[in-house]
Amino acid sequence: MPVTTPRTAHWARFFTLFAGVLLASSLFSGAALAKDKFRVAWSIYVGWMPWGYGEQAGIVKKWGDKYGIDIEVVQINDYIESINQYTAGAFDACVMTNMDALTIPAAGGVDSTALIVGDFSNGNDGIVLKDKSTLADIKGQSVNLVELSVSHYLLARALDSIGASEQDLTVVNTSDADMVAAYASPDVTAVVTWNPLLSEILAMPNANKVFDSSRIPGEIIDMLVVNSDTLKANPKLGKALTGAWFEIMATMSKDDAAGIAARTEMAKASGTDMAGYDAQLATTKMFYNAADAVAFTQSADLVQTMAHVAKFSFDHGLLGEGAADAGFIGMAFPGGKTLGDGANTKLRFDATYMQLAADGKL
Amino acid sequence: MKRLINLRPSRSTGILLGLLPFVVLLVVYLAGSQARLADNPNDKLLPAFSSLGDAVERMALEPSKRSGDILLWTDTAASLQRLGLGVGISALIGLVFGVALGTVPYLRAGLSPLVSSLSLIPPLALLPILFIVFGLGELSKVVLIVFGVAPFIIRDLQQRAQELPAELLVKAQTLGASTWQIILRVVVPQLLPRLLDAVRLSLGAAWLFLIAAEAIAATDGLGYRIFLVRRYLAMDVVLPYVVWITLLAYLTDLLLRIASRRAFRWYHQLNGEGN
């Protein structure tokens with residue numbers, strides 16, 4: 001007796017083929033080629049709200065049209081997921097911090113370029129102790145934070161500054177979504193987090209900020225990262241994105257009607273009001289001026305910062321098991337400066353496009 | 001009659017057919033992995049089997065550089081302890097309340113609406129409240145599992161107790177048994193195998209709540225590890241952990257099934273499952 005009739009066999013074959021093609025097509029990454037459609041991912045954070053505004057106000061579209069390309073700006077609700085999607089090849093560009101750029105796409109072998117250095121945290125990330133008022137009191141406590149994030153990095157740098165180490169305390173991985181609720185529970189006595197959670201926690205009784213990112217200025221950097229191969233094959237993408245960004249910067253930095261309207265939109269999109277958003281901007285050093293961003297990217301301090309970040313990442317196993325030392329992943333900076341293994345350069349800081357913006361050549 | 005619904009595969013064909021989807025999945029994975037690795041040898045999304053093997057060796061056999069523990073086992077122990085406590089407490093609560101509500105109409109009238117309402121609350125929505133009330137430690141994780149699982153078991157056992165043939169209870173009463181004796185000698189023995197059934201059915205939900213709780217705040221556990229290494233896209237660790245959790249879930253279910261068959265042979269014969 002036949003197991004299946006020819007007709008069902010045909011359907012079965014068709015179905016396996018179909019499912020296989022579907023799965024395979026979602027798993028294979030596309031090679032970087034010259035193209036005219038691009039996808040940019042962003043997530044909610046004070047320094048990245050301009051992307052949402054730029055999309056909504058049509059500024060990104062305007063600059064895309066100028067260079068004859070189509071740029072789709074997509075908001076992703078989960079920050080890490082957006083970086084993972086970028087690393088997997090679903091997006092051509094994505095917003096992320098300098099540390100995550102090194103440990104996720106670069107460590108994952110995706111050659112990435114920091115196209116726009118948008119801002120650095122200047123008090124937006126902080127360490128809060130309940131009932132205690134000095135950093136040294138953190139020793140022996142359980143500290144709630146998003147493990148392996150910039151909060152963790154901030155904690156490591158803070159401990160460096162008082163000659164302590166992570167061995168002196170217990171790190172408890174806590175989801176950022178639950179950080180505020182966690183702080184409200186009696187057994188949580190120390191947290192490291194970022195705004196707007198930080199200001200919400202500081203508003204609670206007995207909360208003392210004992211360290212914040214203004215003590216390590218310029219080390220937690222928010223940037224727009226683009227796939228290096230895509231950028232190389234499509235300089236238009238770099239020009240359009242940089243042009244759009246600094247147009248938004250120029251608009252939002254002014255206190256005229258247009259600037260206030262822009263910041264109000266961004267405030268609304270991030271779930272706060274204009275006063276709340278301005279408070280977050282106050283602890284964020286935005287590079288409204290392209291020339292400032294260029295100077296920051298070209299400075300020797302950035303190399304020093306990335307050396308700290310690479311060491312932290314290596315110590316925590318974030319560079320992968322194949323990494324022999326902190327220099328496993330090479331980084332390139334403007335002016336031919338490099339860090340780490342030049343043969344494995346995966347993260348590039350490039351001021352070319354921001355320089356074009358500063359010179360008004362976009 | 002030759003109809004598709006009447007055609008039965010032989011035993012060996014059946015096994016082969018069952019394996020086929022797994023083989024297809026493996027082949028698709030391998031093809032995808034190779035294509036991505038050819039493109040970018042450092043790709044982390046679909047690691048090759050060799051790097052999966054390395055990760056398993058690292059997690060399951062070698063002590064961690066930072067803590068000196070063997071991570072897979074400490075994670076497994078922590079998770080199984082939470083799961084065991086949560087499900088065990090739920091089973092106990094389920095048995096006590098299920099029997100009480102199923103046999104005593106006054107208790108049923110008083111408590112049944114409350115239990116029904118509680119069972120309708122999505123437990124994950126309660127998480128922020130649980131954290132504030134019970135803290136971020138072990139207690140809130142166990143309580144989350146109990147909250148998610150116990151009302152289901154209570155309702156199921158109550159239903160089963162009400163389904164017991166009235167003749168059984170009448171017979172016990174004509175033999176002079178008191179309520180207490182009937183509960184201890186008739187209802188509880190009848191319900192124990194059904195309790196095991198309910199526990200087996202609720203294990204899936206228990207795992208869900210366990211992983212969710214560990215993802216939010218923890219220092220160890222299987223869910224903790226998956227959500228931690230996700231931060232740097234270490235799929236070489238995530239994929240083996242998912243397979244390991246699946247295997248653990250399968251083994252717990254198998255053990256419960258065997259235990260039930262050993263301990264309550266009469267029940268399985270009654271249900272026509274044979275020996």
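Where is the place of A:Pro196 in chain A? In this predicted model, A:Pro196 is found in the loop that runs between strand 8 (190-194) and helix 8 of chain A, and a cis peptide bond, with omega at about 5°, joins this proline to A:Asn195.

Two leucines also stand out by their backbone angles. A:Leu148, a residue other than glycine, has a positive phi near 70°, and its place is in the loop between strand 6 (142-145) and helix 6 (150-161) of chain A. With a relative accessible area of 5%, A:Leu148 is buried. In chain B, a positive phi of about 55° is found for B:Leu233, which is not a glycine either; B:Leu233 belongs to the loop between helix 9 and helix 10 (235-263) of that chain, and its relative accessible area of 4% makes it buried.

The search for enclosed space in the whole structure gave one cavity of 30 Å³ or more, and the space in the largest cavity comes to about 30 Å³. Its lining is made of A:Trp48, A:Trp51, A:Val95, A:Ile116, A:Gly118, A:Asp222, A:Met223, A:Leu224 and A:Trp245. Strand 4 (112-121) and strand 10 (221-227) of chain A are the elements that give two or more residues to this lining, and strand 10 of chain A provides the largest share, with three residues. By character, the lining residues of the largest cavity comprise seven nonpolar, one polar and one charged.

Open space was examined as well, and the second largest pocket has a volume of about 990 Å³. It is lined by 39 residues, of which A:Asp78, A:Tyr79, A:Asp176, A:Ala177 and A:Trp194 are the closest to its centre. Both chains contribute elements with two or more residues in this lining, namely helix 4 (79-88), strand 7 (170-174), helix 8 (197-202) and helix 12 (274-282) of chain A, together with helix 8 (179-216) and helix 9 (222-229) of chain B. The lining of the second largest pocket holds 19 nonpolar, eleven polar and nine charged residues.

Side chains of opposite charge can pair when their charged atoms come close. Over all chains, the count of salt bridges comes to 26. In one of them, A:Arg348 is paired with A:Asp111, and the closest N and O atoms are 2.7 Å apart. This pair links distant parts of the chain, since A:Arg348 lies in strand 14 (residues 345-349) and A:Asp111 in the loop between helix 5 (98-106) and strand 4 of chain A, 237 residues apart. A:Arg348 counts as partly exposed at 30% relative accessibility, whereas A:Asp111, at 14%, is buried.

In chain B, a salt bridge of 2.8 Å, N to O, is formed by the side chains of B:Glu138 and B:Arg82. Because B:Glu138 lies in helix 6 (residues 138-163) and B:Arg82 in helix 3 (residues 71-103) of chain B, the pair ties together parts that are 56 residues apart in sequence. B:Glu138 is partly exposed, with 39% relative accessibility, while B:Arg82 is buried, with 2%. A further salt bridge joins B:Arg257 to B:Asp253, with 3.8 Å between the closest N and O atoms; both residues lie in helix 10 of chain B, four residues apart, about one turn of the helix. Through shared partners, salt bridges join B:Arg82, B:Glu138, B:Glu214 and B:Asp220 into one network.

On the surface, a nonpolar patch with about 610 Å² of accessible area together is formed by B:Ile15, B:Leu16, B:Leu19, B:Phe22, B:Val23 and B:Val27. Of these residues, B:Ile15 lies in helix 1 (residues 11-39) of chain B and is partly exposed, with a relative accessible area of 49%.

Conventions. Residues numbered from 1 in each chain as written. Chains lettered and ligands numbered in written order. Predicted model: local features only at pLDDT ≥ 70, side-chain atom pairs only at ≥ 80, totals over all residues. Heavy atoms only, no water. Patch = residues over 30% accessible without salt bridge, like charges linked within 9 Å, V, L, I, M, F, W, Y side chains within 5 Å. Areas by Shrake-Rupley, 256 points an atom, 1.4 Å probe, with all protein chains shown as cover. Salt bridge = Lys/Arg side-chain N within 4 Å of Asp/Glu carboxyl O. Buried < 20%, exposed > 50% of the residue type's maximum accessible area, 1.4 Å probe, protein only. 1 Å grid on protein atoms, 1.4 Å probe; cavity = no way out; pocket = protein on both sides within 12 Å on 5 of 7 lines; lining within 4 Å. Points joined across faces, edges and corners; volume = space filled by probe spheres on them. Nonpolar A, V, L, I, M, F, W, Y, C, P; charged D, E, K, R; others polar.
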